[in-house]
Amino acid sequence: MVANTRPPLPRRKIAKIDHYRWLRSDGTPNFSNSLHRFDREITYLIKSPDTHVTPTTTIMKTIEEMHNYLRTVPVVVANRLVGVVASMDVVNYLGGGELFQIIERRHGYDVYSALYRERTESIMETNLIVSHPNDRITDVVSKMLYSRIGFLPVVDRDYNLLGVLTEHDIVKHLYGLVKTGIKVSEIMSKPVVVIDANKTIREAMVKMVTYGFRRLPITEGDLVVGIVTSMDIVRFFATHEAFKYATTRDIREIHGTVLKEITQRDIVAVKPNEDVSRVIQEMMDKNVDSAMVVNEEGVLEGIVTERDILYVLTTH
C-alpha cells in the first residue's frame, strides 16, 4: 500500500443542513418499505471504470482523465486499488486548502511544475470506503449516506478493482421505482453557501474546501445567475484554459481570474412547492446533479442535490 503523504486535514466548517431528519439515532438511514421491495445485489449496477491512474501518474494527467470521465478517479497498482482522487482533492491542491502547501513549498508557485512534475500519490486519498459485488443496494446507500460520499469503488477480497458505483447511478436506478409525493421545500438543503460573481477562482476554491461543498451557486445581489462546481475548476485546468490567464508560471495569477469567466449559467431553477419527482426528471433530462430553489422573485431559498434526492428516494 502506498503511504498517504497528505498533510493533516484541518477541521472543516459545516453548514447547518438538516439531513438528520432522514436518519435513525445511530446515523443509519431509515429505509422505506418501498426500497426494501426493490433491494437486490448491486452486480447489475456496477460500471466498468472508464479510467484509472497510478500513484506515479502526474497530477496533470490525472486531471485530464477526471475531466474526460468521472469526478473521482481510482488509483491502482497492478489493478489493485490503493487510493482515489476526487475533484475536491484537486481543488484543495490547486489553491483551496492545505494541499496547496505542496505547490508553495515544493514548486515555488510554479503551475507547470506543480501539474507536470508532482505525482498523484501526493494528493490521493488512501482511507478508502469500498463496496463488494455481493453488497445490496441498501448496503451501498448506507455507505454513501453515512459517509457523505457519492462514489464507491467495487473491489474483490484482494482489493482488485472490479468497477465503480456513483450516487448518480443509484438515483437514476431508483427514480421511477419509488414515488415521492413530496414538495421540494421539504428536502432542499438550506441555508445555501453562495459566492458573488465578481469573486475570484481562488476565493471559490477556498470556500468549497472550507465548507466541503463541491458546488457553489453564484449570485449577483440576491439573484442566482449561475453555479460553479469543483469539476468546473478541474475543466479549467484540464483544457489548459487556465494558462491563458497567466503571463508567468505563477499559479497566483490564475487564482485572480474572476469567477464569472467559468460560470455555468444554464441551471435548473425550481419553486419550493414543486413536486420532487418533477425536479428529478428535469435534473435527469439536463444531466445535472443539482437544482436551485428560488421564490417568485428569483431569490435563492435552497438547493436540491443528488444527495438530497437519494435521501428522499430511499426513506419514503
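Me: What makes Leu94, Gly95, Phe100, Thr200, Ile201, Arg202 and Met205 residues that His255 touches?

Reply: Happy to explain! Contact means heavy atoms within 4.5 Å, and His255 touches those seven residues when residues up to four places away in sequence are not counted. This is a predicted model, where local features need pLDDT of at least 70 and side-chain atom pairs count only at pLDDT 80 or more, while totals for chains, interfaces and linings use all residues. Residues are numbered from 1 along each chain as its sequence is written, and side-chain values use heavy atoms, with hydrogens and water left out.

Me: Why is His255 called buried?

Reply: Buried means under 20% relative accessible area, exposed over 50%, and partly exposed in between (1.4 Å probe, protein chains only). His255 has 4%, so it counts as buried. Of the 316 residues of the protein chain, 53% count as buried.

Me: How do you know that the place of His255 is in a helix?

Reply: Helices (H or I, at least four residues) are DSSP runs, numbered from the N terminus. His255 belongs to helix α11, which covers residues 251–255.

Me: What makes a set of residues a nonpolar core?

Reply: The members must be buried Ala, Val, Leu, Ile, Met, Phe, Trp, Tyr or Cys residues joined through side-chain atoms within 4.5 Å. The largest one here has 50 residues, and Tyr93, Leu94, Leu115 and Phe237 touch the most other members. Helix α10 (residues 230–238) supplies the largest share of this core, six residues. Apart from it lies another core, of 33 residues, including Leu45 and Val312.

How values were computed. Helices (H or I, at least four residues) and strands (E, at least two) are DSSP runs, numbered from the N terminus.
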